[in-house]
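Visitor: I would like to learn how to read a protein model feature by feature. Could you walk me through one?

Guide: Gladly; let us put it on the screen and begin.

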Amino acid sequence: MTAGRTRVDPHVKVLDERVVERARESGVDTLVYAPHFTRLPEIRERADRFSTDEVTVVPAREVFTGDWGNRRHLLAVGLSEPVPDFITFEAALAEFDRQGAAVLVPHPEFMNVSLTRAEVSAYRDRIDAVETYNAKLFDHQNDRGARIAEAFDLPTFGSSYAHLRGTVGAAWTEFEDDVRGEAALVTALKEQAPRSVVKRTDPATRLRRLVEFAHLGYENSYGKLDRLFLSGMEGTHPRHIAYDGRFDDVAVY
């Protein structure tokens, strides 16, 4: 961390010793760990286990709101209680607000999993930042996010969105102040602290983007089949016993 500044990768899906070491070598101070379909207690335990003096790991949840045909992803940082997937969009926002979490919009208008321009406009007062650079996406896709953030005067962030270890360090959000730690990061996001989006554009990074895109194909084919039909009820399903019926009235399945 340079004096008074903090490099944060606000969205990674993988975490182990090699990921943390890669972040350290890239100068990233904080990783926000938000794996798919994993409950908050498990995320938090793993974040605590792999945090070091040099790299802080902050737990977060990318919540899948709505059903598979009309799902919208929201990234929540600063949750104190678990929030399941597959609840209504409004219910997710209400729960984030109740817990005081920062609400981020990852990969806007990407495929059928992201908030549209119209949805960002409608909920702009409840959104703390919009992703304008995602190392997994191509320039024209990232440009859409940049135009949306500019149109509605919303703060920005950039991330590696790493599903594979090698992508860590490809992009980050650099805050002008020291925002290490979960509470400090949530405050910085909610208070629109000054920041800039930094990305690497070397040939190796561009090649890793192609590898990440190939991995996306796996996730949306066999990975999706496994989740839906082979693995039983997800731990983040709203009707899972862990939620004790709290979300039954807003569950979409």
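**Salt bridges, strands and helix faces**

Guide: Let us start with a single residue: Arg-165 is partly exposed, its relative accessible area being 36%. Please keep in mind that this is a predicted model.

Visitor: Which residue does the side chain of Arg-165 meet in a salt bridge?

Guide: The general idea is that side chains of opposite charge can pair when their charged atoms come close. Here the partner of Arg-165 is Asp-16, with 2.6 Å from N to O. The two sit in distant parts of the chain, 149 residues apart: Asp-16 is in the loop between strand E1 and helix H1, and Arg-165 is in the loop between strands E7 and E8. Asp-16 has 12% relative accessibility and counts as buried, the cut-off being under 20%.

Visitor: How many salt bridges does the structure hold?

Guide: There are 18 salt bridges in the structure. One of them joins Asp-85 to Arg-61, with the closest N and O atoms 3.1 Å apart. Asp-85 belongs to the loop between E4 and helix H3, whereas Arg-61 is part of strand E3, and 24 residues separate them. As for burial, Asp-85 is at 0% relative accessibility and counts as buried; Arg-61, at 1%, is buried too.

Visitor: Where do Arg-126 and Glu-90 lie?

Guide: Arg-126 is in the loop between H4 and E6 and Glu-90 is in helix H3, so their pairing ties together parts 36 residues apart in sequence. Their salt bridge has its closest N and O atoms 3.1 Å apart. Arg-126 is partly exposed at 35% relative accessible area, and Glu-90 is partly exposed at 40%. You can also look for a network of salt bridges, which links Glu-81, Glu-95, Arg-98 and Arg-246.

Visitor: Now the strands. Which way do the residues of strand E5 point?

Guide: In a regular strand, side chains alternate between the two faces of the sheet. In E5 (residues 102-105), Ala-102 and Leu-104 point one way, while Val-103 and Val-105 point the other way; all of them are buried.

Visitor: Which strands does E5 pair with, and in what sense?

Guide: With strand E4 (residues 72-77) the pairing is antiparallel, over 3 bridges. With strand E6 (residues 129-134) E5 runs parallel, joined by 2 bridges. Leu-104 is a good place to look from: Leu-104 is the bridge partner of Leu-75, and Leu-104 also stands opposite Ala-129 in E6.

Visitor: What do E5, helix H4 and E6 make together?

Guide: They make a β-α-β unit, and its hand is right-handed. Helix H4 covers residues 117-122.

Visitor: And helices: which residues of helix H6 are buried?

Guide: An α-helix has 3.6 residues a turn, so residues three or four places apart point the same way. In H6 (residues 182-190), the buried residues are Leu-185, Val-186, Ala-188 and Leu-189. Viewed down the axis of H6, these buried residues fall within an arc of 160°, so they line one face of the helix. After H6 comes Gln-192, with a positive phi near 55°.

Visitor: Which residues form a nonpolar patch on the surface?

Guide: The patch is formed by Leu-207, Leu-210 and Val-211, which together have about 280 Å² of accessible area. Leu-207 is placed in helix H7 (residues 203-230). With a relative accessible area of 52%, Leu-207 is exposed, as the cut-off for that label is over 50%.

Methods: Residues numbered from 1 in each chain as written. Predicted model: local features only at pLDDT ≥ 70, side-chain atom pairs only at ≥ 80, totals over all residues. Heavy atoms only, no water. Buried < 20%, exposed > 50% of the residue type's maximum accessible area, 1.4 Å probe, protein only. Helix = DSSP H or I, 4+ residues; strand = E, 2+ residues; numbered from the N terminus. Arc of directions from axis to C-beta. Patch = residues over 30% accessible without salt bridge, like charges linked within 9 Å, V, L, I, M, F, W, Y side chains within 5 Å. Areas by Shrake-Rupley, 256 points an atom, 1.4 Å probe, with all protein chains shown as cover. Salt bridge = Lys/Arg side-chain N within 4 Å of Asp/Glu carboxyl O. Pairing = 2+ DSSP bridges. Right-handed = clockwise from strand over helix to strand, strands pointing away.
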